[in-house]
Amino acid sequence: MSIDPAIADDIAPRPRLRIPMHLGVIMDGNGRWAEARGKRRTEGHIEGVKALRNLVELCITYGVPHLTVFSFSSENWTRPKDEISFIFNLLRRFVASDLQNLIRNNVRVRIIGSRTGLEPSLVRLIDDVEAKTEANTGLVLIVAFNYGGKAEIAEATRRIAAEVAAGRLAPEAITEDTIAAALYTAGLPDPDLIIRTSGEQRISNFLLWQAAYAEFVFVDENWPDFGEASFIRVLETFSRRDRRFGGIEAERS
């Protein structure tokens, strides 16, 4: 007896969920979500923040220890000024409305990316949220804001070059660990899984060094539509992957 392909996925045995140690998310499609509904792009960003709140709760519930979200790319400065201003104000509003809830849920917040070009008040806000959640021991929420992977590697290289020029580091002593320790993500595990929403299938300068052995899952939903069903489906896909890290034997969980 043949099985209708339309229902095959529904009756196939589901794998035991493998929970990534570090999940990265490229939250794409806010503007497209809004335009498809005849709304302003800014309304899509508002819905995107709601989806981020939901994702943080899902990571806490399912036990994901580290979550990095791509909030604002260093390439996003080419967008209209009013949209950039709105996104920056969304970060302020997110911190103002969610900080106490993050603290209650034992979430530690780290914001990675360049501080160059940011308003002093925004830099103070970033410093404040990091300081107030620094002692928390639960989910580590890393927000990539004004972030670009190439710029991060270039900045790390400059730091290492300065150490060499000062005579504190021999060139032959430079290793992959040296570079990793100079990145914004120093001390964090590399991402196991990176999700991109909206159907696009590219990395867009996100965690270039750290994603060397990450699994990628691309989903069609625009970011505001990404909910628990999508989250579980992605984890099931991740759980089916054989992770060999360049070797022959797959990772066993």
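From the N terminus on, the elements of this protein run α-β-α-α-β-α-β-α-β-α-α-β-β-α, which amounts to 8 helices and 6 strands. The model is a predicted one, and the values below are computed from it. Buried residues make up 42% of the 253 residues in the protein, and among the contacts with a separation of 6 or more, residues 24 or more positions apart account for 75%.

**The sheet**

The 6 strands form an open sheet with parallel pairing, in the order β3-β4-β2-β1-β5-β6. Its edges are formed by β3 (108-112) and β6 (215-218), each of which pairs on one side only. Between neighbouring strands of this sheet the average turn is 20°, direction ignored. The following table lists four of the pairings, each with a pair of residues that stand opposite each other.

| Strands | Bridges | Residues opposite each other |
|---|---|---|
| β2 and β4 | 7 bridges | Val-69 and Val-143 |
| β1 and β2 | 5 bridges | Gly-24 and Thr-68 |
| β1 and β5 | 4 bridges | Val-25 and Ile-195 |
| β5 and β6 | 4 bridges | Arg-196 and Phe-218 |

Strand β1 pairs in the parallel sense with β2 and also with β5. Because 5 of the 5 residues of β1 are buried, this strand is largely enclosed by the rest of the structure. The side chains divide between two directions, with His-22, Gly-24 and Ile-26 pointing one way from β1 and Leu-23 and Val-25 the other way, and all of them are buried. The bridge partners named for β1 draw on both groups: Gly-24 is matched with Thr-68 in β2, while Val-25 is matched with Ile-195 in β5.

At the edge strand β6, a covered face is made up of Glu-215 and Val-217, whereas Phe-216 and Phe-218 belong to an uncovered one. Phe-218, on that uncovered face, is the residue that stands opposite Arg-196.

**Helices against the sheet**

Two of the helices can be placed against particular strands. Helix α3 (residues 41-62) packs on the sheet and touches β1 (22-26), β2 and β4, and its direction makes about 165° with that of β2. Helix α8 (residues 228-240), for its part, lies across β1, β5 (193-196) and β6, running at about 135° to β5. Strand β1 thus appears among the strands listed for α3 and among those listed for α8.

**The surroundings of Asp-192**

Asp-192 is placed in the loop between α7 (176-181) and β5. Its relative accessibility is 14%, and Asp-192 therefore counts as buried, the cut-off being under 20%. What does the side chain of Asp-192 reach at 2.9 Å? The partner is the backbone nitrogen of His-22, a residue that is itself buried in β1. Leaving aside residues up to four places away in sequence, Asp-192 touches Pro-20, Met-21, His-22, Ala-214, Glu-215, Phe-238 and Arg-243. One of these, Glu-215, lies on the covered face of β6, and another, Phe-238, has the charged end of Arg-18 sitting over its ring, 5.4 Å from the ring centre.

**Aromatic pairs**

The count of aromatic pairs comes to 7. One of them joins Tyr-147 and Phe-206 in an edge-to-face arrangement, with 6.5 Å centre to centre and 80° between the planes. This pair links distant parts of the chain, since Tyr-147 is in strand β4 and Phe-206 in the loop between β5 and β6, 59 residues apart. Both Tyr-147 and Phe-206 are buried. Another pair, formed by Trp-223 and Phe-226, is stacked, with 5.5 Å centre to centre and 20° between the planes; Trp-223 and Phe-226 are likewise buried.

Ring pairs also link Phe-70, Tyr-147, Tyr-184 and Phe-206 into a cluster. Of the residues in this cluster, Tyr-147 belongs to β4 and Phe-70 falls within the residues 66-73 of β2, and these two strands pair in the parallel sense.

Technical notes
Residues are numbered from 1 along each chain as its sequence is written. This is a predicted model: local features need pLDDT of at least 70, side-chain atom pairs count only at pLDDT 80 or more; totals for chains, interfaces and linings use all residues. Side-chain values use heavy atoms; hydrogens and water are left out. Two strands pair if DSSP finds at least two bridges between them. Axes are lines fitted to C-alpha atoms, for helices over the stretch in contact, and angles run from 0 to 180 degrees between N-to-C directions. Contact means heavy atoms within 4.5 Å. Buried means under 20% relative accessible area, exposed over 50%, partly exposed in between (1.4 Å probe, protein chains only). A polar contact is a pair of N or O atoms within 3.5 Å; within protein, one must be able to donate a hydrogen and the other to accept it, and residues adjacent in sequence count only if both atoms are side-chain atoms. Rings of Phe, Tyr and Trp (its six-membered ring) pair if their centres lie within 6.5 Å; planes under 30 degrees apart count as stacked, over 60 as edge-to-face and the rest as tilted. A charge sits over a ring if NZ of Lys or CZ of Arg is within 6 Å of the ring centre and within 35 degrees of the ring normal.
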